[in-house]
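Good morning, colleagues. Please take a moment to look at the structure on the screen, and I shall then go through its aromatic rings and the confidence of the prediction.

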Amino acid sequence: MAQYARGSAVAVIRLRNPPVNALSRAVLQALEDGLKKADADPSVKAVMICGENGKFSAGADIRGFSAPKRLGGALGPIVSLIESSEKPVVAAIEGVALGGGLEVALGCHYRVAHVKARMGLPEVTLGLLPGAEGTQRLPRLIGVPAALDMITTGKHIPATEALKLGLVDEIVEENTIEAAIRLANKVIGQPLGPRRLSLKPVPKVPNMEAFLDEALAKVKRQARGCLAPELCFQAVRAATRSPFAEGVRRERELFQVLLSSGQAQALQYAFFAERAVRRWATPGGASWSSAAPQPVRRAAVIGLGTMGRGIVTSLVKANIPLVALEQDLENLNKGRKAVMLLLEREAMKMEGGAQVLDFHNPARLQFTVDFDLLRDVDLVIEAVFENMALKKEIFHKLSKICKPGALLCTNTSALNIDEIASATNRPQQVIGTHFFSPAHVMRLLEIIYGRHTSPTAIATAMQLATALKKVGVVVGNCFGFVGNRMMFPYVQQAVFLLEEGSRPDAVDQVLEDFGFKIGPFRMSDLAGLDVGWRSRKDQGLTGPSLPAGTPARQRHGQRYSPLPDLLCERGRFGQKTGKGWYLYEKAGGRTATPDPWLLNFLSQYRDTHGIRTRFIDQEEILERCLFSLINEGFAILAEGIASGPEHLDVIYINGYGWPKHRGGPMFYASTVGLPRVLAKLQKYSEAHPDVPGLQPSAFLKKLAAVGNPPLKEWMSYLSQQSSKL
Ligand SMILES: CC/C=C/CC(=O)SCCNC(=O)CCNC(=O)[C@H](O)C(C)(C)COP(=O)(O)OP(=O)(O)OC[C@H]1O[C@@H](n2cnc3c(N)ncnc32)[C@H](O)[C@@H]1OP(=O)(O)O
């Protein structure tokens with residue numbers, strides 16, 4: 001709703017739709033009614049539009065886009081109605097003015113913002129464009145370069161920047177509403193023509209066409225197959241080439257194309273999935289609604305390797321005082337230097353912003369080799385080498401030293417949380433926190449509860465994720481948890497495809513064309529092939545503990561490819577050694593080129609093992625890699641390791657470079673259709689009966705058999721979830 005009230009000469013229209021004043025049909029109707037009332041009342045000389053509860057508006061109601069009577073066309077005419085008012089209209093922007101919310105403000109003749117307000121046109125992140133004439137008004141107000149930047153990235157800008165760009169007329173530190181009413185009273189009677197953005201020309205840029213060509217190339221490069229950025233670009237370009245009304249027509253056409261695209265649906269699904277995973281639950285009955293987090297006033301990080309350094313940086317950025325511990329002075333000094341470098345860089349990026357990084361103060365960041373300094377911390381994150389014996393030794397020590405309430409977190413990508421917890425006297429306070437590298441950049445935090453982990457511990461870890469501006473996803477304890485467990489069959493298929501005749505660059509290209517940031521071989525080279533090699537040696541799959549006489553390409557009766565082990569045995573660990581699946585310009589280099597040595601090696605390998613080389617098309621590469629990953633996802637859901645497909649999708653989008661415009665692997669499966677996914681897995685499984693990853697999971701079979709139900713109903717088909725608590 002929108003509430004209409006008349007003060008002296010200024011009528012107030014307050015957008016009201018908690019929690020974010022989204023522009024539902026009812027709100028828009030009330031806004032239109034309010035404008036008409038103000039227009040008809042001769043005692044009203046000006047209008048002020050604001051939002052309830054300190055928020056202007058977060059834009060169109062996103063849930064409305066999938067409603068039968070869509071919001072689409074409704075907002076544009078209302079923005080025009082505001083602009084054409086003969087009485088000055090002032091927007092009082094508090095909190096956020098986003099999407100359609102900002103478009104309403106652009107229709108107003110003046111804009112006053114609170115200094116802490118944020119503004120943006122994030123439609124592109126939902127697979128859309130600002131379809132209420134925003135692509136035509138914004139360039140007229142702030143110029144084409146700044147408008148293109150805002151519209152094609154969807155970034156939110158602070159009020160201070162908005163003022164510099166000319167997006168708002170005034171910013172205030174105190175009462176925005178009063179300031180807006182003051183301004184409204186002041187401008188009564190002044191000509192409105194110059195304030196109507198639709199009448200303004202688009203400011204000229206020297207050599208506009210060359211500028212646009214360059215901007216388009218950049219947009220395309222960054223979009224990686226996502227349609228919306230390019231269509232946003234086209235709408236802004238229309239503003240530079242056509243009069244306002246024609247530009248609006250073009251904007252509407254492009255909006256309709258996006259609205260009906262599967263990509264918009266996928267991105268909107270991803271928006272709500274990210275929010276849904278905050279409402280975590282475990283099969284044992286613990287949940288976000290009843291568990292309360294405990295405060296974290298001081299934390300500790302153990303281990304200052306790559307992961308530890310990123311985690312320390314994250315905690316400092318979140319303003320959490322901490323102790324950083326290493327095993328000896330040499331490693332401590334090395335780690336301290338690296339952390340300081342990271343923090344200096346972060347501080348530079350944040351220069352000019354509201355937050356200042358305080359990392360030179362030992363009361364906030366202390367480096368030590370003394371475990372005793374961990375006595376009074378509220379939370380410890382252990383981030384040492386991935387080795388069970390070492391982790392257990394540390395947790396045993398922690399349980400003796402740390403105060404009774406302290407939460408003990410382990411940063412592990414696969415190890416058993418229960419086994420680590422068994423080394424302590426407080427397994428209820430032990431939890432897995434799987435960060436992704438670089439830990440101060442990547443948004444995902446996989447939070448793994450063990451058999452004894454308490455609801456308070458889970459709630460505290462989730463609260464930590466929020467404090468670190470990460471997306472926390474709560475999952476159960478199994479080898480590889482969710483993300484890596486689904487990744488194993490995907491990478492395994494990629495390697496099998498090489499055995500059968502493909503090339504690393506061919507496989508990577510198919511998956512990068514699908515939208516992944518990097519394909520599996522580039523990813524392995526980046527992460528380091530030695531990481532998986534060490535893990536396979538620990539599992540007895542390769543190395544000295546492998547029983548004599550084990551067939552080269554078989555383990556436990558299943559197909560196994562020794563290719564990655566063979567590369568490691570030749571010192572090819574990936575980027576760090578300058579050679580892996582690709583060749584790099586030097587050790588530590590980043591430019592991957594196909595390596596003739598590797599191609600020759602693959603050919604000899606096939607000859608040695610009597611493998612007939614065959615041509616493998618793009619469809620097979622894509623399906624075998626993706627469907628085996630998705631298949632594992634269904635097994636995970638059936639085991640109760642994750643409480644819904646959204647969890648898997650949020651993990652893949654935020655931790656594994658899955659293209660967001662494809663909604664995540666489980667959403668993608670739902671768009672392909674489960675019967676088709678099943679049929680393809682059956683086909684590949686028949687061709688490769690010794691590959692369990694291709695054998696369709698029972699849950700997938702069940703869902704396909706009941707007629708491909710929509711994703712949100714999948715979990716209701718699980719009769720009983722097995723508890724991992
Ligand atoms: C033709 C007209 C075209 C118009 C195009 C548009 O306007 S599209 C919409 C553009 N707006 C956005 O993309 C903003 C989306 N929202 C946000 O970025 C954030 O929610 C926020 C406003 C910055 C607030 O963030 P915060 O972290 O404080 O809260 P939540 O994200 O948890 O949100 C609170 C609940 O509000 C729901 N919600 C937020 N925005 C919308 C929206 N535009 N429509 C509907 N619902 C919205 C959100 O889902 C949360 O609810 P839950 O029930 O908890 O999921």
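Over the ring of which residue does the charged end of R559 sit? The ring belongs to F496, and the charged end of R559 lies 3.9 Å from its centre. A second arrangement of this kind involves R275, whose charged end sits over the ring of F271 at 3.7 Å from the ring centre.

Before going further, I should state that this is a predicted model. The protein chain has an average pLDDT of 95, and 98% of the residues score at least 70. There is an exception to note in residues 721–725, where the pLDDT is below 50. That stretch nevertheless has 21 contacts in the model beyond near neighbours in sequence. Where pLDDT is low, the predicted coordinates should not be read in detail. For the complex, the predictor gives an ipTM of 0.98 and a pTM of 0.94.

I turn now to the ring pairs. The structure contains 16 aromatic pairs. One of them joins F514 and F516: the ring centres are 6.1 Å apart and the planes meet at 35°, so this pair is classed as tilted. Are these two residues buried or exposed? F514 is buried, at a relative accessible area of 4%, and F516 is likewise buried, at 2%.

Another pair is formed by F634 and F699. Here the centres are 6.0 Å apart and the planes stand at 75°; because an angle over 60 degrees counts as edge-to-face, the pair falls in that class. The pair links distant parts of the chain, since F634 belongs to helix α23 (residues 618–639) and F699 to helix α27 (residues 698–705), 65 residues apart. Both partners are buried: F634 has a relative accessibility of 0%, and F699 has 3%.

Which residues do ring pairs link into a cluster? They are Y490, F514, F516, W658 and Y668. F514 and F516 are thus the tilted pair already described, here as members of the cluster.

W658 leads to the last residue on my list, I653, which touches W658 as well as A270, K660, G663 and G664, leaving aside residues up to four places away in sequence. I653 is located in helix α24 (residues 645–655) and is buried, with a relative accessible area of 15%. Its C-alpha atom is separated by 27 Å from that of V380, a residue 273 positions apart from I653 along the chain.

Key:
Residues are numbered from 1 along each chain as its sequence is written. This is a predicted model: local features need pLDDT of at least 70, side-chain atom pairs count only at pLDDT 80 or more; totals for chains, interfaces and linings use all residues. Side-chain values use heavy atoms; hydrogens and water are left out. Rings of Phe, Tyr and Trp (its six-membered ring) pair if their centres lie within 6.5 Å; planes under 30 degrees apart count as stacked, over 60 as edge-to-face and the rest as tilted. Buried means under 20% relative accessible area, exposed over 50%, partly exposed in between (1.4 Å probe, protein chains only). Helices (H or I, at least four residues) and strands (E, at least two) are DSSP runs, numbered from the N terminus. A charge sits over a ring if NZ of Lys or CZ of Arg is within 6 Å of the ring centre and within 35 degrees of the ring normal. pLDDT is the predictor's confidence in each residue, from 0 to 100. Contact means heavy atoms within 4.5 Å.
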